[in-house]
Amino acid sequence: MAERPKTPGLAAELAAEFAGTMILILFGVGVVAQVAAGKIGDHDSIAWAWGLGVTLGVYVAGRISGAHLNPAVTFALAVFKGFSWRKVLPYALAQTTGAFVAALIVRWNYTEVLAKVDPGHTIKTQGVFSTLPGNGELPVHTWGALRDQIIGTAILLFLILALTDLRNSPPLANLTPFVIGLVVVAIGMAWGTDAGYAINPARDFGPRLASFFTGYGDAFHDQYGDLYFWVPIVGPLIGALVGAALYQLLIGRNLPDEPETAPVPAEPTAKTA
(Lines give C-alpha, C1' and ligand atoms only; values in the text may rest on other atoms or scores of the structure.)
Protein backbone atom coordinates (compact mmCIF):
# COMPACT_ATOMS: atom_id res chain seq x y z
CA MET A 1 0.00 0.00 0.00
CA ALA A 2 1.34 3.40 -0.96
CA GLU A 3 2.05 5.77 1.90
CA ARG A 4 -0.24 8.76 2.26
CA PRO A 5 1.40 12.06 1.43
CA LYS A 6 2.83 13.70 4.52
CA THR A 7 0.81 16.69 5.73
CA PRO A 8 2.93 19.35 7.43
CA GLY A 9 1.93 20.11 10.99
CA LEU A 10 1.72 23.55 12.53
CA ALA A 11 5.35 23.43 13.69
CA ALA A 12 6.50 22.79 10.13
CA GLU A 13 4.32 25.60 8.81
CA LEU A 14 5.72 28.04 11.38
CA ALA A 15 9.27 26.99 10.52
CA ALA A 16 8.50 27.67 6.86
CA GLU A 17 7.03 31.10 7.64
CA PHE A 18 10.08 31.91 9.76
CA ALA A 19 12.49 30.82 7.02
CA GLY A 20 10.62 32.48 4.16
CA THR A 21 10.31 35.80 5.99
CA MET A 22 13.96 35.62 7.01
CA ILE A 23 14.98 35.25 3.35
CA LEU A 24 12.75 38.20 2.42
CA ILE A 25 14.34 40.46 5.04
CA LEU A 26 17.91 39.37 4.36
CA PHE A 27 17.56 40.75 0.84
CA GLY A 28 15.25 43.67 1.67
CA VAL A 29 17.00 45.15 4.69
CA GLY A 30 20.35 44.10 3.26
CA VAL A 31 19.91 46.15 0.11
CA VAL A 32 18.84 49.23 2.05
CA ALA A 33 21.94 48.90 4.24
CA GLN A 34 24.08 48.64 1.13
CA VAL A 35 22.55 51.74 -0.43
CA ALA A 36 22.36 53.88 2.71
CA ALA A 37 25.63 52.88 4.35
CA GLY A 38 27.74 51.61 1.48
CA LYS A 39 26.49 54.10 -1.13
CA ILE A 40 26.12 51.27 -3.63
CA GLY A 41 22.88 51.24 -5.60
CA ASP A 42 19.79 53.44 -5.60
CA HIS A 43 16.01 53.38 -5.21
CA ASP A 44 15.60 51.01 -8.16
CA SER A 45 18.01 48.46 -6.71
CA ILE A 46 16.09 48.66 -3.43
CA ALA A 47 12.76 48.03 -5.18
CA TRP A 48 14.14 45.12 -7.17
CA ALA A 49 15.88 43.47 -4.21
CA TRP A 50 12.71 43.67 -2.09
CA GLY A 51 10.71 42.13 -4.92
CA LEU A 52 13.24 39.35 -5.46
CA GLY A 53 13.34 38.76 -1.72
CA VAL A 54 9.58 38.21 -1.77
CA THR A 55 9.88 35.85 -4.72
CA LEU A 56 12.61 33.78 -3.10
CA GLY A 57 10.86 33.74 0.26
CA VAL A 58 7.66 32.46 -1.35
CA TYR A 59 9.55 29.73 -3.19
CA VAL A 60 11.16 28.70 0.12
CA ALA A 61 7.97 28.47 2.18
CA GLY A 62 5.16 28.04 -0.35
CA ARG A 63 4.87 24.27 -0.38
CA ILE A 64 4.64 23.93 3.40
CA SER A 65 2.83 26.98 4.74
CA GLY A 66 1.48 28.87 1.74
CA ALA A 67 4.20 31.50 2.21
CA HIS A 68 2.17 34.34 3.64
CA LEU A 69 5.35 36.04 4.99
CA ASN A 70 3.14 38.90 6.16
CA PRO A 71 0.66 39.09 9.08
CA ALA A 72 -1.61 41.29 6.97
CA VAL A 73 -1.85 38.53 4.36
CA THR A 74 -2.53 35.93 7.05
CA PHE A 75 -5.21 38.13 8.63
CA ALA A 76 -6.96 38.80 5.32
CA LEU A 77 -6.93 35.11 4.38
CA ALA A 78 -8.52 34.26 7.73
CA VAL A 79 -11.27 36.82 7.18
CA PHE A 80 -12.01 36.10 3.53
CA LYS A 81 -10.53 32.71 2.57
CA GLY A 82 -11.16 30.38 5.47
CA PHE A 83 -7.62 30.28 6.83
CA SER A 84 -7.70 28.85 10.35
CA TRP A 85 -7.99 31.57 13.00
CA ARG A 86 -6.01 29.48 15.47
CA LYS A 87 -2.98 29.83 13.19
CA VAL A 88 -3.14 33.59 12.71
CA LEU A 89 -1.19 34.63 15.81
CA PRO A 90 1.41 31.81 15.55
CA TYR A 91 2.00 32.68 11.88
CA ALA A 92 2.40 36.37 12.74
CA LEU A 93 4.87 35.57 15.51
CA ALA A 94 6.88 33.26 13.24
CA GLN A 95 6.98 35.91 10.50
CA THR A 96 8.03 38.65 12.91
CA THR A 97 10.70 36.44 14.48
CA GLY A 98 12.10 35.59 11.05
CA ALA A 99 12.26 39.28 10.21
CA PHE A 100 13.90 40.04 13.57
CA VAL A 101 16.62 37.41 13.13
CA ALA A 102 17.33 38.47 9.54
CA ALA A 103 17.65 42.12 10.61
CA LEU A 104 20.10 41.13 13.35
CA ILE A 105 22.23 39.38 10.73
CA VAL A 106 22.19 42.46 8.49
CA ARG A 107 22.97 44.70 11.48
CA TRP A 108 25.93 42.52 12.44
CA ASN A 109 27.28 42.28 8.91
CA TYR A 110 27.05 46.04 8.29
CA THR A 111 28.38 47.03 11.72
CA GLU A 112 31.46 48.85 10.44
CA VAL A 113 29.89 50.82 7.61
CA LEU A 114 26.85 51.83 9.67
CA ALA A 115 29.16 53.09 12.41
CA LYS A 116 31.17 55.08 9.88
CA VAL A 117 28.27 56.90 8.25
CA ASP A 118 26.22 57.26 11.45
CA PRO A 119 28.29 56.77 14.63
CA GLY A 120 25.39 57.70 16.89
CA HIS A 121 22.96 55.27 15.23
CA THR A 122 20.40 57.97 14.67
CA ILE A 123 17.46 58.60 12.40
CA LYS A 124 19.99 59.01 9.59
CA THR A 125 20.31 55.24 9.18
CA GLN A 126 17.24 54.05 11.08
CA GLY A 127 15.52 53.75 7.71
CA VAL A 128 17.82 50.83 6.92
CA PHE A 129 15.75 48.72 9.28
CA SER A 130 12.30 50.24 9.53
CA THR A 131 10.19 52.75 7.69
CA LEU A 132 9.63 56.44 8.39
CA PRO A 133 7.06 58.95 7.15
CA GLY A 134 8.37 60.56 3.99
CA ASN A 135 11.41 58.27 4.29
CA GLY A 136 12.64 60.55 7.05
CA GLU A 137 13.09 63.53 4.73
CA LEU A 138 9.86 64.60 3.04
CA PRO A 139 6.99 66.53 4.72
CA VAL A 140 4.76 63.55 5.48
CA HIS A 141 3.44 62.96 8.99
CA THR A 142 1.71 60.15 10.85
CA TRP A 143 -1.72 60.30 9.24
CA GLY A 144 -0.35 60.70 5.73
CA ALA A 145 1.82 57.65 6.30
CA LEU A 146 -1.12 55.67 7.68
CA ARG A 147 -3.18 56.55 4.60
CA ASP A 148 -0.29 55.43 2.41
CA GLN A 149 0.05 52.08 4.20
CA ILE A 150 -3.65 51.37 3.86
CA ILE A 151 -3.59 52.08 0.13
CA GLY A 152 -0.36 50.21 -0.57
CA THR A 153 -1.41 47.09 1.30
CA ALA A 154 -4.85 47.17 -0.29
CA ILE A 155 -3.17 47.07 -3.70
CA LEU A 156 -0.96 44.19 -2.56
CA LEU A 157 -3.82 42.03 -1.26
CA PHE A 158 -6.08 42.77 -4.21
CA LEU A 159 -3.37 41.51 -6.57
CA ILE A 160 -2.31 38.55 -4.44
CA LEU A 161 -5.88 37.27 -4.44
CA ALA A 162 -6.18 37.85 -8.18
CA LEU A 163 -2.94 35.97 -8.84
CA THR A 164 -3.74 33.00 -6.61
CA ASP A 165 -7.44 32.53 -7.42
CA LEU A 166 -7.65 29.38 -9.54
CA ARG A 167 -11.05 30.47 -10.87
CA ASN A 168 -9.35 33.50 -12.41
CA SER A 169 -6.33 33.37 -14.74
CA PRO A 170 -3.39 32.73 -12.40
CA PRO A 171 0.20 32.41 -13.63
CA LEU A 172 1.07 28.83 -14.57
CA ALA A 173 4.24 26.72 -14.33
CA ASN A 174 4.84 27.82 -10.71
CA LEU A 175 5.40 31.44 -11.74
CA THR A 176 3.06 32.93 -9.14
CA PRO A 177 5.87 33.76 -6.66
CA PHE A 178 7.78 35.56 -9.40
CA VAL A 179 4.77 37.64 -10.41
CA ILE A 180 3.99 38.49 -6.78
CA GLY A 181 7.59 39.65 -6.48
CA LEU A 182 6.99 41.93 -9.47
CA VAL A 183 3.94 43.33 -7.68
CA VAL A 184 6.18 44.33 -4.76
CA VAL A 185 8.69 45.89 -7.16
CA ALA A 186 5.88 47.90 -8.75
CA ILE A 187 4.52 49.03 -5.38
CA GLY A 188 8.01 50.10 -4.36
CA MET A 189 8.48 52.11 -7.53
CA ALA A 190 5.04 53.75 -7.42
CA TRP A 191 4.18 53.93 -3.70
CA GLY A 192 7.50 54.28 -1.87
CA THR A 193 7.54 58.02 -1.16
CA ASP A 194 5.13 58.61 1.71
CA ALA A 195 6.02 55.75 4.06
CA GLY A 196 8.64 53.47 2.50
CA TYR A 197 6.09 50.79 1.46
CA ALA A 198 6.36 48.55 4.51
CA ILE A 199 2.95 46.96 3.63
CA ASN A 200 3.86 44.21 6.10
CA PRO A 201 3.78 44.47 9.92
CA ALA A 202 6.45 41.78 10.38
CA ARG A 203 8.76 43.38 7.82
CA ASP A 204 8.73 46.63 9.80
CA PHE A 205 8.37 45.62 13.45
CA GLY A 206 10.89 42.77 13.46
CA PRO A 207 13.77 44.88 12.07
CA ARG A 208 12.65 47.87 14.15
CA LEU A 209 12.95 45.75 17.28
CA ALA A 210 16.36 44.44 16.15
CA SER A 211 17.64 47.96 15.60
CA PHE A 212 16.34 49.08 19.00
CA PHE A 213 18.25 46.29 20.75
CA THR A 214 21.45 47.11 18.84
CA GLY A 215 21.87 50.81 19.50
CA TYR A 216 19.01 52.67 17.81
CA GLY A 217 17.38 54.09 20.92
CA ASP A 218 14.77 56.10 19.00
CA ALA A 219 13.72 53.24 16.76
CA PHE A 220 10.06 53.45 17.77
CA HIS A 221 9.78 57.15 16.90
CA ASP A 222 9.91 59.09 13.65
CA GLN A 223 11.99 62.11 12.70
CA TYR A 224 9.50 64.39 14.44
CA GLY A 225 9.77 62.53 17.73
CA ASP A 226 6.29 61.04 17.40
CA LEU A 227 5.61 57.42 18.31
CA TYR A 228 5.43 55.82 14.88
CA PHE A 229 5.98 52.05 15.12
CA TRP A 230 2.23 51.33 15.14
CA VAL A 231 1.60 52.90 11.72
CA PRO A 232 3.22 50.10 9.64
CA ILE A 233 1.28 47.60 11.76
CA VAL A 234 -2.20 49.09 11.83
CA GLY A 235 -2.11 50.51 8.29
CA PRO A 236 -1.32 47.20 6.57
CA LEU A 237 -3.89 45.30 8.63
CA ILE A 238 -6.61 47.74 7.60
CA GLY A 239 -5.38 47.89 4.01
CA ALA A 240 -5.33 44.10 3.72
CA LEU A 241 -9.01 43.94 4.62
CA VAL A 242 -9.84 46.74 2.19
CA GLY A 243 -7.94 45.13 -0.69
CA ALA A 244 -9.33 41.65 -0.07
CA ALA A 245 -12.88 43.00 0.26
CA LEU A 246 -12.57 44.94 -2.99
CA TYR A 247 -11.28 41.86 -4.79
CA GLN A 248 -14.21 39.81 -3.54
CA LEU A 249 -16.69 42.56 -4.44
CA LEU A 250 -15.36 43.44 -7.89
CA ILE A 251 -13.89 40.16 -9.13
CA GLY A 252 -14.18 37.15 -6.84
CA ARG A 253 -17.97 36.98 -6.55
CA ASN A 254 -18.32 37.25 -10.33
CA LEU A 255 -16.04 34.32 -11.21
CA PRO A 256 -17.39 30.82 -11.95
CA ASP A 257 -17.35 28.42 -9.02
CA GLU A 258 -14.85 26.10 -10.71
CA PRO A 259 -11.86 26.89 -12.96
CA GLU A 260 -12.30 26.03 -16.64
CA THR A 261 -8.97 24.23 -16.49
CA ALA A 262 -7.04 22.83 -13.56
CA PRO A 263 -3.78 24.75 -13.32
CA VAL A 264 -1.38 23.70 -10.59
CA PRO A 265 -1.13 26.46 -7.97
CA ALA A 266 2.27 27.83 -7.06
CA GLU A 267 1.60 27.41 -3.37
CA PRO A 268 -1.34 26.66 -1.04
CA THR A 269 -2.16 30.24 -0.11
CA ALA A 270 -5.13 29.58 2.16
CA LYS A 271 -4.53 26.39 4.11
CA THR A 272 -7.41 25.77 6.48
CA ALA A 273 -6.25 22.77 8.48
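The following legends describe an overall view and several close-up views of a predicted model.

**Figure 1. Overall view of the predicted chain, with ten helices and zero strands.** From the N terminus onward, the elements run α-α-α-α-α-α-α-α-α-α. The radius of gyration of the chain is 18 Å, close to the 19 Å that the globule rule gives for 273 residues, so the chain is as compact as a globular protein of that length. Along the principal axes, the C-alpha atoms fill a box of roughly 65 × 45 × 35 Å. Of the 273 residues, 49% are buried. Among contacts with a separation of 6 or more, 80% join residues that are 24 or more positions apart.

**Figure 2. Surface and charges of the chain.** The chain exposes about 12,600 Å², and carbon and sulfur atoms supply 67% of this area. The chain carries 16 positive and 19 negative charges, and the mean positions of the two sets are 6 Å apart.

**Figure 3. Aromatic pair of Phe158 and Tyr247.** The count of aromatic pairs in the model comes to eleven. In the pair shown here, the ring centres of Phe158 and Tyr247 are 5.6 Å apart and the ring planes stand at 85°; planes over 60 degrees apart count as edge-to-face, so this pair is edge-to-face. Phe158 belongs to helix α7 (residues 142–164) and Tyr247 to helix α10 (residues 231–250), so the pair ties together parts that are 89 residues apart in sequence. The two partners can also be described by their exposure. Phe158 has a relative accessible area of 24% and is partly exposed, whereas Tyr247, at 0%, is buried.

**Figure 4. An aromatic cluster formed by Phe100, Phe205, Phe212, Phe213, Phe220 and Phe229.** These six phenylalanine residues form one cluster. Two of its members, Phe220 and Phe229, are also in contact with Arg208, which is the subject of the next view.

**Figure 5. Surroundings of Arg208 in helix α9.** Arg208 has a relative accessibility of 0% and therefore counts as buried, since buried means under 20%. When neighbours within four places in sequence are left aside, Arg208 is in contact with Gln126, Phe129, Ser130, Thr131, Ala219, Phe220, His221, Tyr228, Phe229 and Pro232. His141 provides a further reference point: Arg208 and His141 are 67 residues apart in sequence, and their C-alpha atoms are 18 Å apart in space.

**Figure 6. Ile23 in helix α1 and its contacts.** Helix α1 covers residues 10–38 and includes Ile23. With 23% relative accessibility, Ile23 counts as partly exposed. Not counting residues up to four places away in sequence, Ile23 touches Gly53, Leu56, Gly57 and Val60. The C-alpha atom of Ile23 is also separated by 8.0 Å from that of Val54, a residue 31 positions away along the chain.

**Figure 7. Gly9 in the segment before α1.** Gly9 counts as partly exposed, at 38% relative accessibility. Gly9 and Ser65 are 56 residues apart along the chain, and their C-alpha atoms are separated by 9.3 Å.

**Figure 8. Leu159 in helix α7.** Leu159 is partly exposed, with a relative accessible area of 31%. Its partner in this view is Val183, 24 residues away in sequence; the C-alpha atoms of Leu159 and Val183 are 7.6 Å apart in space.

**Figure 9. Two loop residues with a positive phi, His121 and Ile199.** Most residues other than glycine have a negative phi. His121 is not a glycine, yet its phi is positive, at about 50°. The residue lies in the loop between α5 (111–117) and α6 (123–126). His121 is buried, with a relative accessible area of 18%, because a value under 20% counts as buried. Ile199 is likewise not a glycine and has a positive phi of about 45°. The loop that holds Ile199 runs between α8 (176–190) and α9 (201–213). At 5% relative accessibility, Ile199 counts as buried.

Conventions. Residues numbered from 1 in each chain as written. Predicted model: local features only at pLDDT ≥ 70, side-chain atom pairs only at ≥ 80, totals over all residues. Heavy atoms only, no water. Helix = DSSP H or I, 4+ residues; strand = E, 2+ residues; numbered from the N terminus. Rg over C-alpha atoms; globule rule 2.2 N^0.38 Å. Buried < 20%, exposed > 50% of the residue type's maximum accessible area, 1.4 Å probe, protein only. Contact = heavy atoms within 4.5 Å. Areas by Shrake-Rupley, 256 points an atom, 1.4 Å probe, with all protein chains shown as cover. Lys, Arg positive; Asp, Glu negative; His and termini not counted. Charge placed at Lys NZ, Arg CZ, Asp CG, Glu CD. Phe/Tyr/Trp six-rings, centres within 6.5 Å; stacked < 30°, edge-to-face > 60°.
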